[in-house]
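Me: I would like to learn how to read helix packing, backbone outliers and a ligand shell from a model. Could you take me through them one at a time?

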Amino acid sequence: MNKLKYTFGPVPSRRLGYSLGVDIIPMKTCNLNCVYCELGRSTEMTMTLKEYIPAAVILDEIKQVIDSGERIDYITFSGSGEPTLNTAMGEMIRGIKAMTDIPVAVLTNGTLLYMPEVREMLYDADLVIPSLDAVSREAFRKVDRPHGHLDIDRIVEGIITFRHEYKGPIWLEILFVKNINDSPQEVKLLAEVAEKIGAELVQLNTIVRPPAESNVEPLSDIELEVIRTRFTCKTEVIAHFKSDDSTTPNLSHEDRIYDLIIRRPVTKDEIIASLRLTPEIVAHHVAEMLNTSRIMTSEYSGELYYTSPRVKNRPVLVENGKSS
Ligand code: SF4
């Protein structure tokens, strides 16, 4: 398998099972700059839609992972910015559908769904999870710090229009930040809009990982539960289960790293990118696990991989064109 640049995982996810993340946007290109963003502040605030990464490159990488025979329950577009900014996304989704039956999910901030061409790109996805953190202009400005060309009324209309056009399920995600978008008035507006959108599921979240801004705070479980009672549609609290939508947060850093390694050989850089951990944390836990022989190393094409001694018939450890 060639070095993977745009896919991460598959990693276990409470919502999507074993999810193969697909990252089709350069870090951190977005039209929002959310105070809670776990990727830090947006370095490229843009409304420019273009083919940031070509479909062929992404499809080739996905095929390699699928061919390795790993368990994948969902192929999930998410990652380093807003994926719908990439105009090749429709082609990517169609390409995946032609290649496999594995369902495709899209995590999006939902801000571009007012554009017909963006809605159309998502028609073939099996599940779409748009975010909507505020309905009032003031809360939207404070929590998501949008690009100047975005208008919250138009965004809400876009999500509603998409609901009418799209045949698959929509799970609406709302992330609450204390004293920013959790006022009773804002919650009331969000509950009304969620009802209007008619999403199959509304998922309530709060900050669970280090946010872009250090002075913002999460809501408690009780506060989220109280908010949940204000919604009339099917609603669940997902905070404390979510971590970049793809990992099991109750696991320690070491277990999360191990969980990646037992699935396929990975380099240190891949662990850092997949789990969004610092190089220091990864180096520390990898050294610990090597000391206790929980993992081992394997060199291939000049790259050092970490792998599990427990996995005997790993298909992707390939040397000189042959499986080991
Ligand atoms: S949380 Fe998502 S939408 Fe918000 S700034 Fe980060 S990448 Fe963009």
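What follows is a conversation about helix pairs, two loop residues and the surroundings of a ligand.

Reply: Before we begin, please keep in mind that this is a predicted model.

Me: How are two packed helices described, and at what angle do α1 and α2 pack?

Reply: Two packed helices are described by the angle between their axes together with the distance between those axes. Here helix α1 (residues 55–67) and helix α2 (residues 89–99) have axes 9 Å apart and pack at an angle of about 30°. Angles under 35 degrees count as roughly parallel, and α1 and α2 are therefore roughly parallel to each other. Their crossing is right-handed.

Me: Which residues of α1 and α2 make the contact?

Reply: From α1 the contact takes in Ala55, Ile58, Leu59, Ile62, Lys63 and Ile66, while α2 contributes Glu91, Met92, Gly95, Ile96 and Met99. Sorted by class, the contact of α1 with α2 has eight nonpolar residues, one polar residue and two charged residues.

Me: How do the axes of α8 and α10 cross?

Reply: The axes of helix α8 (residues 253–261) and helix α10 (residues 279–291) cross at roughly 75° and come within 10 Å, which makes α8 roughly perpendicular to α10. On the α8 side, His253, Glu254, Ile257 and Tyr258 take part, and they meet Ile281, Val282, His285, Val286, Glu288 and Met289 in α10. The classes in the contact of α8 with α10 are six nonpolar, two polar and two charged residues.

Me: Which residues of helix α9 are buried, and what do they pack against?

Reply: In helix α9 (residues 268–275), the buried residues are Glu270, Ile271, Ile272, Ser274 and Leu275. These buried residues of α9 pack against the strands β1 (7–13) and β12 (303–307), and also against the helices α8 and α10.

Me: Since α10 appears there too, are α9 and α10 parallel, perpendicular or oblique to each other?

Reply: Their axes come within 10 Å and cross at roughly 120°, and α9 and α10 are therefore oblique to each other. The crossing of α9 and α10 is right-handed. Lys268, Ile271 and Ile272 of α9 make the contact with Pro279, Val282, Ala283 and Val286 of α10. By class, the contact of α9 with α10 has six nonpolar residues, no polar residues and one charged residue.

Me: Turning to the backbone, what is the phi of Arg145, and where does Arg145 lie?

Reply: Arg145 has a positive phi of about 40°, although Arg145 is not a glycine. Arg145 lies in the loop between α4 (137–144) and α5 (152–165), and with a relative accessible area of 25% it is partly exposed.

Me: And is Ser293 buried or exposed?

Reply: Ser293 counts as exposed, with a relative accessibility of 52%, the cut-off for exposed being over 50%. Ser293 also has a positive phi, of about 60°, although it is not a glycine, and its place is in the loop between α10 and β11 (296–300).

Me: Finally, which residues are around the ligand?

Reply: The ligand is surrounded by Lys28, Cys30, Leu32, Asn33, Cys34, Tyr36, Cys37, Ser42 and Asn109. Divided by class, this shell around the ligand holds five nonpolar residues, three polar residues and one charged residue.

Methods: Residues are numbered from 1 along each chain as its sequence is written. This is a predicted model: local features need pLDDT of at least 70, side-chain atom pairs count only at pLDDT 80 or more; totals for chains, interfaces and linings use all residues. Side-chain values use heavy atoms; hydrogens and water are left out. Axes are lines fitted to C-alpha atoms, for helices over the stretch in contact, and angles run from 0 to 180 degrees between N-to-C directions. Helices (H or I, at least four residues) and strands (E, at least two) are DSSP runs, numbered from the N terminus. Angles under 35 degrees count as roughly parallel, over 145 as roughly antiparallel, 65 to 115 as roughly perpendicular and the rest as oblique. A crossing is left-handed if the near helix is turned anticlockwise from the far one by less than a right angle, and right-handed if clockwise. Contact means heavy atoms within 4.5 Å. Ala, Val, Leu, Ile, Met, Phe, Trp, Tyr, Cys and Pro count as nonpolar, Asp, Glu, Lys and Arg as charged, and the others, Gly among them, as polar. A residue is near a molecule or strand if one of its heavy atoms lies within 4 Å of it. Buried means under 20% relative accessible area, exposed over 50%, partly exposed in between (1.4 Å probe, protein chains only).
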